[in-house]
Structure formats: structure tokens, C-alpha cells
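User: I'm new to reading protein models. Could you walk me through this one, step by step?

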Protein chains: 2
Amino acid sequence: MRKSIGVGLLGLGTVGTGVANIIQTPEGRNPLVGGIKLVRVAVRDLKRPRGASISPDLLTNDPNKVVDDPSVDVVVEVMGGIEPALSLILRAIAKGKSVVTANKAVIARHGEEIAAAAKTSGVYVLIEAAVGGGIPIIEPLKQSLGSNRIQKVSGIINGTTNYILSRIAKEGAAYKDVLKEAQELGYAESDPEADVEGLDAADKIAILSGLAFGGPINRESIPTQGITSLNNRDVDYANKLGYGVKLLAVAERLDKENSIDPYLPLAVWVQPTLVPKEHPLAGVNGVNNAILVEGDPIGEVMFFGPGAGSGPTASAVVADILNIAGIRTIGSKNNCLDPLLEASSWRKCKLVEPQKIIQKHYLRLKTEDSPGVIGQIGSVFGEYGVSIQSIVQFDATEAGAEIVVITHEVEQGKIITSLKSIKTLEEVKGLSSHMVCL
Amino acid sequence: MRKSIGVGLLGLGTVGTGVANIIQTPEGRNPLVGGIKLVRVAVRDLKRPRGASISPDLLTNDPNKVVDDPSVDVVVEVMGGIEPALSLILRAIAKGKSVVTANKAVIARHGEEIAAAAKTSGVYVLIEAAVGGGIPIIEPLKQSLGSNRIQKVSGIINGTTNYILSRIAKEGAAYKDVLKEAQELGYAESDPEADVEGLDAADKIAILSGLAFGGPINRESIPTQGITSLNNRDVDYANKLGYGVKLLAVAERLDKENSIDPYLPLAVWVQPTLVPKEHPLAGVNGVNNAILVEGDPIGEVMFFGPGAGSGPTASAVVADILNIAGIRTIGSKNNCLDPLLEASSWRKCKLVEPQKIIQKHYLRLKTEDSPGVIGQIGSVFGEYGVSIQSIVQFDATEAGAEIVVITHEVEQGKIITSLKSIKTLEEVKGLSSHMVCL
């Protein structure tokens, strides 16, 4: 008979309740689930009614009591936010306890500190639930794809914005109305900033790229643009040109050849992006998430599924507990950790300056409806070395016309310089919108 | 410094060459790849030129020499076929060596025997490359989704047939012509039987369902139908009704509630299947594979990518070697195996009789073009408890008409009985085709 593993839960909200529900109904799941015992649960309000039936003896409103409880082997942090989550995670590690967390904000910002502490203490910090809800993506990056040189990770990793964009694309509804409905349905928070401004996606791509490329990423340097200023007109034009609009988070290495630079240069960004309709990410709708990984020699693999929610996220949390339970079965000769599961970093990465990022650009310009204007715009781009994929005039009226330019791949810096020059053209009244394309 | 891990390769064909290429170029991959050493390679013909540069000293045409070599820690079997692969795998296990194999035929037919031997010897037998090429699917079923009760696994898991079906759907080309081209392009074997008759897909769904449901599956009992008798007319009608045609392999548990039956009843089948165009599997084209897993509480997750080929399959093989290398780092107190990685079975499964399988059916009937015939057919189905989703008449000419029926979900037995009765109707000239629907 295997020894049971004691779990202490920090937080009993949506995810915590899901975790408790799985642990309390082990029948029909992997038999190791039966060996997980919920021994202590920290909640903010002891009196609030709960979606899981937890014996009141287990509840405490002092999270330190969970971390310090000697019968707790693994601390599961599902309270969210930076503090006190960070301090509690570090405290658990210092006490020699492995940690499972769904907290992308903490990991994206303090992952290095946490990993160093975990290494010192010889414990695991597992984070499958931090990105992509239930979708297995952390484990594949750490283990199943480990033999690859990863070139690019692109993902739809925020369910709220994908829900909003899917509704806008389908119904032509206004952003504000859809956001309000999403809030009513529980798909968006009452304070939606982290989602709609792309901050949550930036946290997650920081985590994914750290694992994919083997070195920590400076979260604060990721250029991030959300969907709050997205115009329905662009969704419409994109559609006419064969694209859907998605909020993508992308991380790409810029040295495709082996280089001797000790720092791996990466372009990492979060931005509303035109995705060709035949692209695998284009069909990912609603609150679903999907992550596309490109590597050598695997080519392209995609992971798709529910990116949030109680059940899916709890599935990932419990999978991490199972991993710890599984590896505990082996015992350890010398307190060594499995280097794959531990996922220590093994390379230094640096983010390139935004102007060095190579992308295809989508630009919507307001112009006069004059016959020469397309030629003039084309010439300026040509002058600055920007090659154009398509340039199309929409909606010509007396008030003027709209010209949509899609470029080939080019450094952002060249686009910025070209635009400066284009804005000085007499026929050009302004840049109405600027996105990127896959 | 970690000890290096000695790998012996059985076979240096497409996959073996890919494995050697990864191991020999560790730069930029997970650092554990650098610890893998190729120490011995068995080939059939010592003189054949190779796609990987292997020192001739390593080559032997006696595979036993690879298995028996004391410097070989892990035996990688990528020769394919049942024998001598099976004997070599068992011999390696008996010598206390872990095995990594891409051999779906051996695992689907002899998995139980191999697993039992591995347990006795305290070694791992890892098979990520056996299903879905490079797509991580074995590991997710064993670990990342372990907290779920899996309800259904459905997959496009044969690249050759998916390539052929994609071409037929896109161009209306004839099966025979596309098969010939696929053979010329190397997407189909010169003897295509295992692929086009669905046998390869049946091997793979046997493996996937064994892992998803926790108990071994009797490979020989899986009802299997390939694509050789597929008629372009059905692809055309399916398209008009909003479906694509895919060769699906499906495994589904039939007791959605908890039951006390010690055997978990499963419906497992391989069959050309109408997939609604908005379904995630419908967009999987060419040689790609995709596997959709439905579980509680995760909901639906899908894994998509290249289902075959040297690089992708080798990526999966080396990932398995990494797993073994990673876990060796820990050491083991008492020769215990990680139960998740070991993936021992923990439940008994049984395949239900084909007539108990519940599916939606697609039936194309040749009939007279008479006004009452749809009503008559509908009545017979009603009599036997078969509920109809749609019944549509196509191509009415003097020679008669074609009627396509799509049913709701119903036991196969009821369809068979209804069809017997329908065939006796005077206006019905015969059943032209019979497929299933998602």
C-alpha cells in the first residue's frame, strides 16, 4: 500500500473547489488520486457557503497554518494575486514542501526567485494550471518536446478576450456590449483590465517562453497591447481579406541558425493579430485556448481546450499533485530532483528591442479618395525597404477613402519610420489602426 | 556532472535515422539530450548508405548484440513488425534495460505481456512514438489527464488515410489515383493494407484506450473498416449535408454513471465517419493527426500535429529517452517505478458487442423515385425505435433516386434489424453505403 500524500489548499474559490471535488471523488480516476488526502484548507471567510463539502475542521482563515501543518506534504496555492501568495509559496518551499500553483502572475514575475528557492530546498514547484487551464502545455514543454529546438510558441491564451473577439466576429456586436455580457456570464471579471489589456496573456507567454527556450524572461519588457481599442471595422476588413482577429501571445527566437551569442534573442509580444482563416489558430473560438508550438524536428503541434474554469483548471492542479505523488513513490537516494519535472533554466534569453521584432503588419490609413494615393504610399514603403503583400482601398466616399495595407515580414522599426513619412503625405489624413498578421 | 545514458538502437530506417540525428546534435535542445550517447546500432544491411553519420564501429547486423551490450542502458526499438521486435524487447527487459519503442503493432498485440515483464524487471517501456508521431498524447493520457475520468477518445490517427481523404474532399479525385500519388510521395507504403484497411488505426486506438481507461483492450475485437470501399458520391453528399468524411478511431465508455460492474464496458471502433464541419476534427487535413479527449472534469482537449515522419516520430522517441534519463537522476531507493510513467493498468475493460455500440448512422439507399418511399423508410425505422435526424433525396432520375438517411444516436443492432426490413420494401433497390456520424 502506498503512503497517502497530504495536501494543503490555499484558497477555496473556483479552482480550489474544483480541486477538492476531484480529490473527494477518486473513483474511476487514476488510482493515485485515491492516495491524495486533503488535510487543511485556508479560506478568507470561514462562514461563506462552499461548492465543495469540506469538513469544517479542515478550514482555517490563517494560511500559515496550512503551510506549517506537518501533515501537509504539498501546498496547493490557488488564491491568486501577488501577495500573500508569493510569501506563502516561499514559506512552503523553505519548509521542504513541494508547491502546486495556478498563479500565473506570481510565476511570471517571481519565477526565478521561486525556482532558486525550490532548488535549494529540493522540492518541486509545478504550474500546469497557470497557463491554458486544463490543457496540458507546461508538461509537454518541459518533457515531451524536450528533444526539440523550439522556434516559436504562439497562443490564444486568454479565454475572456477570445470569447469577446469570437462574439464580435460572429455578430458584429460592439466591444462594450459583449464585454458587459461576458461579465454577466462570468467569462470576464468585474474589473476586466488584466484580461482585456493583454496583461494576463503577457504573464502566460512569459511563462511559456521561459520553458520553451530554457531561460527566464523579463515579464515587464513584453510589448503588450490588448483589445480595448479594437475597431469593428478592422474585424470586418480582416474578414474580407481572409483573416480573423485574435489576441495572440507569441514568442519567437530570432537566431534560426546556431549562434555563439550567449543570450538567445527572442521576440515576445501580445497583440491583436490577423490570423489567416486556414491557420489552425483561426478556428479556436469562445473561451477556448490553443497553443501552437513549432520546433525542430517536430514541426508544428497544437494543444487545444478549455483555457479556464473550475473543472479544467482543477484537472491541471491535480495532475501536478499526481506527478509529485508518482515521483515520491520512487524515493530518492540523495534528494535529487528529476531535472525534467524541475524544469530549471539552462540558457540565457534576452528580449530584442520592439523595433527589431519581425512581423507582418496590418495598417489602416484614412486618405483622400485620389487616384495616386496607393502609388504614393507604396513608394514610401518601398523606399524604407518594406515589402507589401496587399494594398486595398475600402469605402471610398466624398469624405475620403480607407486604405488597408498588409506588409510582408519586416522589422517593426522600418514600419515606424515608413509611417512617419507616410503621415506627411498630403493625401493621407491619418493612421486609423495598426495590428500585426500571422 | 550527470552520468551519460547509453542508447542502443534497433533499426536505422526513417525513425532510427531521425533519432540518431537528434542525439548527435544536442546543441540548443534540453541539456539532458547531451547526456544521451548512441553506443550500438543494429541494421539489416551493414553496407546500405545512411541518412545519419554513424561510426561504422557502432553498427552490427545482430540485434542481440545491441540488447546484450553492457554499455546499452536503454534499448530503442524502431525496426517495426512483430518479430523479431517482440523477442528483442522482452530480451532487453529481462536484462533490466528500459525500452523505448515506436512499434504500435507489438504494443497493441503484446502490450500486456510486455508490461508484466517490465514490472517484474523494474524497467520502463515507453511508447510515445507509437501513436500520433510527434504529438504528445501518450504522456498526457498517463500523467497530465490522470485526474480525469475519461469518457471518450476520438482521433484521426492515420496520416496516410487522412491525406487520401483530404485530397478526395478537396479535388474530387478518385481513391485509386490519390493512393497511387500518395505512394509516389512516400505518404503511403507500397503495400498500403495496414493503413487503408484501418488496421494501423485500430492498433493505435487499442493503445490509447488502454491508457485512457486504465485496462488492456483486446486488439482483435475492435470492429475495423478502412477507406477502400469509400465512394466519392458519399463524400459529396456528406459535404452537402455539412459534413466531412474522416477515418476516425473512437473509444468510448458506455457507463456514463458509476456502475458496480467490475468490467468497464467500452465501445471501440475504426470507421469512415461523417464529421460536422464545425467540429475540431473536421479541420485536420493532410498527413496531420489529431486526438480529442473528453473527460470529467476537463471537458474536451485536442492534440494536433504531424502524425508520422522521421523528425516528429524521432522527437517522441527521444522525449521518452529523456524521461528515463530524468528519472535516473533521482536514483531509486528500492527499485520502485514511478507509477505514472510506468502506466500499469488498474481496471478491467471489455469491449461491448458491435451491435451494442451507440452511434449516429449515415445510410445511402438506392430506391425508386416514388413519392411514398421516404415515408415508408421513415416508418420502418420508427417501428424499430430508430430516430431520424434527416432524410434527404438526391439525384432523382428515371433510373431511380438516392435517399440519404442520418439517424440520431442508436444501438447498431437496431440499425441492422431495420435495414433488413427496409431491404424488403419493394421501392428499395439496395443499401449503397453505410457509415457513421459524429
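Analyst: We'll take a strand, then the domains, the core and the chain contact. This is a predicted model, where local features need pLDDT of at least 70, side-chain atom pairs count only at pLDDT 80 or more, and totals for chains, interfaces and linings use all residues. Residues are numbered from 1 along each chain as its sequence is written, while chains are lettered from A and ligands numbered from 1 in the order in which they are written.

User: Let's start with strand β8 of chain A: how many of its residues are buried?

Analyst: General idea: in a regular strand the side chains alternate between the two faces of the sheet. Strands here are DSSP runs (E, at least two residues) and helices are too (H or I, at least four), numbered from the N terminus. A residue is buried if 20 or more other C-beta atoms, placed from the backbone, lie within 10 Å of its own; 12 or fewer makes it exposed, and in between is partly exposed. In β8(A), residues 243-253, 11 of the 11 residues are buried, so the strand is largely enclosed by the rest of the structure. A:Y243 and A:V245 are among those pointing one way, A:G244 and A:K246 among those pointing the other.

User: Which strands pair with β8(A)?

Analyst: Strands pair if DSSP finds at least two bridges between them. β7(A) does so in the antiparallel sense over 4 bridges, and β9(A) in the antiparallel sense over 11. For example, A:V245 has A:L274 as its bridge partner in β9(A).

User: And B:L274, is that one buried or exposed?

Analyst: B:L274 has 27 C-beta neighbours inside 10 Å, so it counts as buried. It sits in strand β9 of chain B.

User: What domains does chain A have?

Analyst: Domain bounds come from an automatic or database domain assignment. For chain A that gives domain 1 (5-134 + 310-347), domain 2 (145-305) and domain 3 (357-437). The C-alpha centres of domains 1 and 3 of chain A lie 51 Å apart.

User: How many residues of each chain are in contact with the other chain?

Analyst: Contact means C-beta atoms, placed from the backbone, within 7 Å. By that rule, 57 residues of chain A are in contact with 57 of chain B. The largest share of chain A's side, 12 residues, comes from α11(A). There's strand pairing across the chains as well: β11(A) and β11(B) pair in the antiparallel sense over 3 bridges, with A:F303 opposite B:F303.

Technical notes. Two residues are in contact if their C-beta atoms, placed from the backbone, lie within 7 Å.
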